[in-house]
Amino acid sequence: MGIKSLFKDTAIYGMSSIVGRFLNWCLVPMYTYCFAEAQYGVVTNMYAYVAVVLIILTYGMETGFFRFANHERWSDPGQVYTTALSSLGVSSMLFIIAGCLLSPEIARWLDCGDHPAYVWMMVIAVGVDAYTSMPFAYLRYKSRPVRFATLKLLNIAINIGLNLFFILLCPVIWRTSPEWIAWFYRPDFGIGYIFLANMISSLVVLMLVIPEILAETYSFSGKLLREMLRYSYPLLILGIAGVMNQTIDKILYPILAPDKATAMDELGVYGANYKVAIVMVMFIQAFRFAYEPFIFAQNKAKGVDKTASYREAMKWFVIFGLFIFLGVMYFLPVIRYFISPKYFSGLRVVPIVMLGEFFFGIFFNLSLWYKLTDRTIWGTWFSLTGLGVTLALNFAFVPVYGYMACAWAAFCSYGFMMAASYVIGRKYYPINYGLRRLALYFAGAMALWGISVIATTGNNFIDFPVRVALLCVYAAATYLLEIRNRRKTLPASTR
């Protein structure tokens with residue numbers, strides 16, 4: 001596959017993921033305005049577990065499938081696919097059966113004991129999603145990005161449509177003509193409709209990927225499966241460490257919170273404000289889809305200064321990441337209405353979470369050294385160490401400082417991973433990133449943010465023009481510095 005084709009496919013896969021994340025993000029205002037803090041806390045807690053369980057249930061088989069479908073020892077990609085699909089089918093079905101049988105006990109554990117249906121609906125959704133991950137991997141293997149993206153976006157559209165129907169439309173119908181919907185709608189089911197919409201959309205996608213499920217003649221190989229599992233289990237450890245680093249605070253908070261009676265309320269506040277900061281996450285997601293093809297293409301190219309390209313990519317990531325940070329912080333008085341005012345007490349976590357995600361983006365930039373030198377084990381060590389930092393800080397400080405400790409733990413964890421990757425990468429694949437210039441941009445952005453805080457009057461007609469001016473100062477200073485630097489680096493004959 002050529003580089004042009006690679007970038008085209010990457011754009012399609014990337015857009016489906018980013019658009020999907022953005023559309024799901026747009027549901028947050030509805031949830032925070034329609035449900036109490038404690039109810040949204042249950043949603044936050046449930047989906048934190050879902051993220052971890054989904055990694056476990058797929059156990060690295062997608063990557064294993066790509067590896068062995070192109071392995072010289074296995075000449076039949078169809079056997080590789082059907083072996084992986086059969087394995088995921090059995091494990092997903094066992095998970096669904098066990099989860100449904102144990103749903104009352106799990107519901108009590110998750111502080112929603114009166115609603116075991118919440119659990120079994122999500123168990124079915126997660127089990128189905130784990131199984132259908134392989135047909136989606138098959139579509140990628142067959143280079144069918146349009147069908148891949150169409151099915152992904154259709155899944156999201158059904159999920160969002162059902163959310164709007166159950167949470168917004170049905171209550172209106174109930175107030176005027178309850179007999180029309182009484183056969184399927186219960187006003188007291190509340191957040192259960194979030195989980196119901198998720199389950200239905202997952203089941204619809206399962207039906208739609210039946211052509212991919214039946215695309216190959218089934219041929220199961222136990223020996224092949226053992227080799228695939230042996231190859232994939234380190235990826236499972238890496239995946240669990242990575243996702244737990246992002247979600248463990250939301251799992252542990254109800255256990256560690258200083259006041260157990262209000263733990264779910266506080267988790268709901270923290271989870272809602274975490275979503276405000278997701279603008280930075282979406283920027284990093286978009287960058288990630290483009291960056292990996294870029295670094296491998298650059299590494300393969302002949303006669304070019306590879307490190308110069310990597311240095312430029314890092315510089316512009318930092319510049320745009322800081323611009324996004326300033327934009328969100330400057331206009332937070334307006335952006336905050338993305339969530340209900342009853343959640344505003346948690347807005348102080350937004351800058352901490354955004355900077356933590358910014359550090360994670362830099363860490364991803366730095367990851368090229370162990371990917372290009374085939375030392376990917378370092379990625380596992382960084383993720384596990386970062387998880388250790390997160391766990392230690394959560395256990396030490398959440399009982400005292402509440403959810404603010406969760407935000408600072410993520411900040412410190414990603415900051416440590418970033419610093420460790422840079423220091424160790426200097427040994428194996430040294431790149432002169434121009435730390436002084438990057439530090440100057442960071443310090444300048446923090447100074448401009450500090451000036452805006454000091455200059456705040458509380459009158460938006462005064463504050464917003466000042467903040468727009470400060471944002472323009474950042475953009476203009478960046479432009480002038482880059483123009484000046486470019487002139488210095490150009491040969492005299494080209495000036």
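## A walk past four residues

At 13% relative accessibility, tyrosine 59 counts as buried, because buried means under 20% relative accessible area. Keep in mind as you look around that this is a predicted model. To find tyrosine 59, go to the loop that runs between α3 (37-58) and α4 (61-69). Its backbone deserves a look too: tyrosine 59 is not a glycine, and yet its phi is positive, at about 35 degrees.

Another residue shares this kind of backbone angle. Aspartate 111, also a residue other than glycine, has a positive phi near 60 degrees. You will find aspartate 111 in a loop as well, the one between α6 (103-109) and α7 (116-141).

Now step back to helix α4, where arginine 67 lies. Is arginine 67 buried or partly exposed? Its relative accessible area is 35%, so arginine 67 is partly exposed; that label covers values between the 20% limit for buried and the 50% limit for exposed. From here you can look across to valine 80: the two residues are 13 apart along the chain, and 9.6 Å separates their C-alpha atoms.

Our last stop is helix α18, which spans residues 377-401 and contains threonine 390. With a relative accessible area of 2%, threonine 390 is buried, because that value falls under the 20% cut-off. Which residues does threonine 390 touch, if those up to four places away in sequence are not counted? The answer is Asn245, Ile248, Ala409 and Ser413. Try picking out threonine 390 in helix α18, and then look for these four partners around it.

Terms used:
Residues are numbered from 1 along each chain as its sequence is written. This is a predicted model: local features need pLDDT of at least 70, side-chain atom pairs count only at pLDDT 80 or more; totals for chains, interfaces and linings use all residues. Side-chain values use heavy atoms; hydrogens and water are left out. Helices (H or I, at least four residues) and strands (E, at least two) are DSSP runs, numbered from the N terminus. Buried means under 20% relative accessible area, exposed over 50%, partly exposed in between (1.4 Å probe, protein chains only). Contact means heavy atoms within 4.5 Å.
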